[in-house]
Amino acid sequence: MAESKIEITTNRRPKQLVSWRDLPPKVQEDFDYIKLSQWEELRFVQYRGEWYDVQDTQGITISAPSKLGWDMQVQADHPFAVWNRIASDSYFSGILFRWKGDEKVICGRFTC
């Protein structure tokens with residue numbers, strides 16, 4: 001069986017996170033689960049024309065393969081090891097997020 005190769009595309013430019021209040025009204029409707037107390041949290045980013053809630057994604061943790069949990073467990077030499085969070089849109093593709101301070105993220109798209 002051939003080994004699959006993961007390709008990550010990113011421009012490595014940090015994008016500003018915005019709060020729910022700063023989203024366009026139509027986009028706010030997509031995130032109707034946000035509570036009043038969370039309206040000011042910097043947690044949304046627009047990437048390739050789509051809005052993402054970076055806090056509503058799966059974490060990426062570097063660990064031994066046997067560890068269980070909600071986070072995606074990867075080894076230190078895995079291509080995802082330098083990223084913080086992942087939002088899969090299929091088994092073979094998705095979006096990666098890497099924090100740059102508290103207010104910015106770098107976004108990337110992966111395919112395999």
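Partly exposed describes a residue whose relative accessible area falls between the buried range, under 20%, and the exposed range, over 50%. With that in hand, here are some exercises on this predicted model.

**Exercise 1. Classify Cys-112 and Cys-107 by exposure, then work out whether they form a disulfide or stay free of one.**

Step 1. Cys-112 has a relative accessibility of 37%, so it counts as partly exposed.

Step 2. Cys-107 comes out at 2%, and therefore counts as buried.

Step 3. A disulfide needs two cysteine sulfur atoms within 2.5 Å. For Cys-107, the nearest cysteine sulfur belongs to Cys-112 and is 19 Å away, and Cys-107 is in no disulfide. Starting from Cys-112, the nearest cysteine sulfur is that of Cys-107, again at 19 Å, and Cys-112 is in no disulfide.

Step 4. The count for the structure is zero disulfides.

**Exercise 2. Find Thr-10 and describe what its side chain reaches.**

Step 1. Look in the loop between β1 (7-9) and β2 (15-16); Thr-10 lies there.

Step 2. Its relative accessible area is 22%, so Thr-10 is partly exposed.

Step 3. Setting aside neighbours within four places in sequence, the contacts of Thr-10 are Trp-83, Ile-106, Cys-107 and Gly-108.

Step 4. Now pick out the polar atoms. The Thr-10 side chain comes to 2.7 Å from the backbone oxygen of Cys-107, and a polar atom of that side chain is 3.0 Å from the backbone nitrogen of Arg-12.

**Exercise 3. Examine the surroundings of Arg-98: which side chain of opposite charge is nearest, and how far away is it?**

Step 1. Locate Arg-98 in strand β8 (residues 93-100).

Step 2. Arg-98 is buried, and the nearest oppositely charged side chain is that of Asp-102, 14 Å away. A salt bridge calls for a distance within 4 Å, and Arg-98 has no salt bridge.

Step 3. Turn to the backbone instead: a polar atom of the Arg-98 side chain lies 3.4 Å from the backbone oxygen of Val-82.

Step 4. Beyond residues up to four places away in sequence, Arg-98 touches Val-82, Trp-83, Asn-84, Lys-104, Val-105 and Ile-106.

**Exercise 4. Trace the strands paired with β5, and decide for each whether the pair runs parallel or antiparallel.**

Step 1. Strand β5 (residues 58-62) is joined to β7 (residues 85-90) by two bridges, and this pair is antiparallel. Opposite Gly-59 you will find Arg-85 of β7.

Step 2. Three bridges link β5 with β6 (residues 72-74), and here the strands run parallel. In this pairing, Val-74 of β6 stands opposite Ile-62.

How values were computed. Residues numbered from 1 in each chain as written. Predicted model: local features only at pLDDT ≥ 70, side-chain atom pairs only at ≥ 80, totals over all residues. Heavy atoms only, no water. Pairing = 2+ DSSP bridges. Helix = DSSP H or I, 4+ residues; strand = E, 2+ residues; numbered from the N terminus. Buried < 20%, exposed > 50% of the residue type's maximum accessible area, 1.4 Å probe, protein only. Contact = heavy atoms within 4.5 Å. Polar contact = N/O pair within 3.5 Å; in protein donor to acceptor, adjacent residues only side chain to side chain. Lys, Arg positive; Asp, Glu negative; His and termini not counted.
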